[in-house]
Amino acid sequence: MAEFVDIPSPGWPLEYGEPGRPTIVLVHDSYGRLPYLEAYARSLANQGFFVTVPDLFHGVATIQPEGAAELADRIDDGFALATLDDAVALGRGHGANRVGLIGLGLGGRLALRLAQRGEADAVVAYYAVLGHEEAGIIPCAVLMHRPEGTGWAGDIDVDEFVSRLKEHGTPVTQYTYSATADGFANATMLELLDKNAAALAFARSTYFLQAQLLD
């Protein structure tokens, strides 16, 4: 049976950095808002961003693959996107003139969907794509972090997704990390983590977002 743990500040976004600075909404994967995201957010805040980390799973997280699968099955996309809308509004309400999204796995898919609405000035997606049924124009620059192979994308053709974005005029930058799999940046899940790939992806994400969001 899947096991779940309670997280601090359930249902509320965690906040890091100086309000009013360009904002980044950091969206967790299917394991939930695990502790490694706090270090990730603090590191972004140290680079001059205001960072919010919403909770999409009503106050719980898991460290089990079966728990992650159950949480992903439970999620309501409408609720999740509304929660991300609120996180974006929090940053803009503090005076942020630009907002970026970083999403991992499930959170990456949701970040890409939110970006389709024109809510973001840049989006970073770790091991995440959108299928044909979710196709739409993304009117901001996109950075993709891809594990090796394509099994992480299910039956979605990743190259076709990228080509579709480019055909619509979306600037896309993508990197593939050899010998990695879905979840390579989840530093709480040591069996998934690739430290070198995670560190490189973070550095690339920071550089990309600084170029897109900071004056």
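The backbone nitrogen of Gln64 lies 3.1 Å from a polar atom of the Thr62 side chain, in what is a predicted model rather than an experimental one. Thr62 itself sits in the loop between strand β5 (60-61) and helix α2 (65-74), and its relative accessibility of 1% places it among the buried residues. The points below begin with the surroundings of this threonine and then turn to a parallel strand pair, to the salt bridges and to helix α6.

**The surroundings of Thr62**

- Leaving aside residues up to four places away in sequence, Thr62 touches Glu3, Phe4, Val5, Ser30, Tyr31, Leu34, Gly67, Ala68 and Leu71.
- Thr62 counts as buried because its relative accessibility, 1%, falls under the 20% limit that is used for that class.

**The β8-β9 pair and its crossover**

- Strand β8 (residues 141-147) pairs with strand β9 (residues 172-177) in the parallel sense, and the pairing runs over six bridges.
- Between these two strands the chain passes through helix α5 (residues 158-167), and the resulting β-α-β crossover is right-handed.
- Within the pair, Leu143 stands opposite Thr173 of β9.
- Strand β8 and helix α5 are also joined through side chains, since Arg146 forms a salt bridge with Asp159 in which the closest N and O atoms are 3.0 Å apart.
- Arg146 belongs to β8 and Asp159 to α5, so this salt bridge ties together parts of the chain that are 13 residues apart in sequence.
- The two partners differ in burial class, with Arg146 buried at 9% relative accessibility and Asp159 partly exposed at 46%.

**Salt bridges elsewhere in the structure**

- A search of the whole structure finds nine salt bridges.
- In one of them Arg92 meets Asp121, with 3.4 Å between the closest N and O atoms.
- Arg92 lies in helix α3 (residues 77-93), whereas Asp121 lies in the loop between α4 (106-116) and β7 (122-126), so the pair ties together parts that are 29 residues apart in sequence.
- Arg92 is partly exposed at 34% relative accessibility, and Asp121 is likewise partly exposed, with a relative accessible area of 28%.
- Another salt bridge joins the side chains of Glu134 and Arg113, with an N to O distance of 4.0 Å.
- This second pair links distant parts of the chain, as Glu134 is in the loop between β7 and β8 and Arg113 is in helix α4, 21 residues apart.
- Glu134 is buried, with a relative accessible area of 15%, while Arg113 is partly exposed, with a relative accessible area of 25%.
- Glu134 and Arg113 also belong to a network of salt bridges in which they are linked with Asp77 and Arg109.

**Helix α6**

- Helix α6 (residues 195-213) has 19 residues and should therefore span 27 Å at 1.5 Å a residue, and the 26 Å between its end C-alpha atoms agrees with that expectation.
- At the start of α6, a side-chain oxygen of Asp194 comes to within 3.3 Å of the backbone nitrogen of Asn196.
- The buried residues of this helix are Ala197, Ala198, Ala201, Ser205, Thr206, Phe208, Leu209 and Leu213.
- These buried residues of α6 pack against strand β3 (23-27), helix α1 (36-45) and strand β6 (99-104), and also against β7, β8 and β9.
- The paired strands β8 and β9 are thus both among the elements against which the buried residues of α6 pack.

Terms used
Residues are numbered from 1 along each chain as its sequence is written. This is a predicted model: local features need pLDDT of at least 70, side-chain atom pairs count only at pLDDT 80 or more; totals for chains, interfaces and linings use all residues. Side-chain values use heavy atoms; hydrogens and water are left out. Two strands pair if DSSP finds at least two bridges between them. Helices (H or I, at least four residues) and strands (E, at least two) are DSSP runs, numbered from the N terminus. A crossover is right-handed if, with the strands pointing away from the viewer, the path from the first strand over the helix to the second runs clockwise. Buried means under 20% relative accessible area, exposed over 50%, partly exposed in between (1.4 Å probe, protein chains only). The expected span of a helix is 1.5 Å times one less than its number of residues. Contact means heavy atoms within 4.5 Å. A polar contact is a pair of N or O atoms within 3.5 Å; within protein, one must be able to donate a hydrogen and the other to accept it, and residues adjacent in sequence count only if both atoms are side-chain atoms.
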